[in-house]
Amino acid sequence: MKSSILLLSGLAITALLSACAGSNNAGESLDVPTNMPPICRDIDFVEQPDMREMCGVRTVHTLAYKNIPQQRYLIKPQETSIVKSGNKLELRFQNSFPLYLEGPITEELEFSQQKRLEKIKNSYDYHEIYNKGAERIRIFKMGIPTDKGNTYTFCFRIPEKKGNARTRSVAMGNHIEALSCGDFDRLVAENAKTK
């Protein structure tokens with residue numbers, strides 16, 4: 001009788017410890033760097049935990065206080081991504097300073113581990129226009145679809161770099177500027193008339 005009670009209590013303790021260990025794994029999330037090399041971007045780190053260390057992915061317990069930025073890539077232009085940090089969304093272009101996205105889009109994009117592997121199938125409309133003073137104007141429009149089925153349009157202007165090759169560093173980022181989509185459409189329409 002005593003041995004069966006000891007055996008049952010031993011099994012109960014083992015079950016309790018394994019349940020705690022299981023809940024500990026469920027309470028983990030992954031800190032995936034936003035500057036990963038391209039070879040690491042399409043890896044599911046939940047299914048392939050052996051790749052975490054090589055790609056700089058760390059396991060973080062949800063009880064720990066940590067603001068983990070999450071990222072999703074767009075299909076156009078290459079290397080463009082949307083990063084969620086806290087409640088803010090940043091649109092990041094290669095070699096450019098990030099732009100903040102505002103409005104309903106901030107609530108309609110999902111940033112789970114599974115969604116990280118899905119690229120956002122955005123539209124991208126780029127134009128180079130020369131005005132009467134032969135000044136080059138580079139503008140583009142992006143349509144970004146959300147996981148709720150809506151598409152939001154954002155327009156931007158890429159200003160010319162200031163200074164000359166000697167005074168500006170290659171490492172300096174571009175300042176892409178927000179542009180109203182009404183101005184974008186007007187500039188494109190005016191350019192089409194002059195051709």
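This passage describes a sheet, the nonpolar cores and the cavities of a predicted model.

The sheet is open and is formed by 4 strands. Their order is S7-S8-S9-S10, and the pairing is antiparallel. Strand S7 (123-130) and strand S10 (177-179) are the edge strands. Each of these two pairs on one side only. From one strand to the next, the twist averages 30°.

Strand S9 spans residues 151-158. S9 and S10 run antiparallel and are joined by 3 bridges. Across this pair, Arg-157 stands opposite Glu-177 in S10. Thr-151 also belongs to strand S9. Leaving out residues up to four places away in sequence, Thr-151 touches Gly-143, Ile-144 and Pro-145. A further separation was computed for Thr-151 and Asn-122, which are 29 residues apart along the chain. Their C-alpha atoms are separated by 8.7 Å.

Nonpolar side chains were examined next. In soluble globular proteins, such side chains tend to be buried together. The largest nonpolar core in the model has 18 residues. Ile-82, Leu-91, Leu-101, Met-142, Ile-144 and Phe-156 have the most contacts inside this core. Two or more residues each come from strand S5 (88-92), strand S6 (99-101), strand S8 (136-145) and S9. S8 and S9 are also members of the open sheet. Ile-144, one of the residues with the most contacts inside the core, is also touched by Thr-151.

Leu-101 illustrates the contacts of a core residue. Neighbours within four places in sequence are set aside here. Leu-101 is then in contact with Ile-82, Leu-89, Leu-91, Thr-106, Ile-144 and Phe-154. Ile-82, Leu-91 and Ile-144 are themselves among the residues with the most contacts inside the core. Another core lies apart from the largest one and has 8 residues. Among them are Leu-30, Cys-40, Cys-55 and Val-57.

Empty space was then considered. Rolling a probe the size of a water molecule over the atoms shows where such space is left. The structure holds 2 cavities of 30 Å³ or more. The largest cavity contains about 140 Å³ of space. Its lining comprises 15 residues. Of these, Val-32, Pro-69, Gln-70, Gln-71 and Arg-116 lie nearest the centre of the cavity. Strand S3 (70-73) and helix H4 (113-116) are the elements that give two or more residues to the lining. S3 gives the most, with 3 residues.

Key
Residues numbered from 1 in each chain as written. Predicted model: local features only at pLDDT ≥ 70, side-chain atom pairs only at ≥ 80, totals over all residues. Heavy atoms only, no water. Pairing = 2+ DSSP bridges. Axes fitted to C-alpha atoms, helices over the stretch in contact; angles between N-to-C directions. Contact = heavy atoms within 4.5 Å. Core = buried A, V, L, I, M, F, W, Y, C linked by side-chain atoms within 4.5 Å. Buried < 20%, exposed > 50% of the residue type's maximum accessible area, 1.4 Å probe, protein only. 1 Å grid on protein atoms, 1.4 Å probe; cavity = no way out; pocket = protein on both sides within 12 Å on 5 of 7 lines; lining within 4 Å. Points joined across faces, edges and corners; volume = space filled by probe spheres on them.
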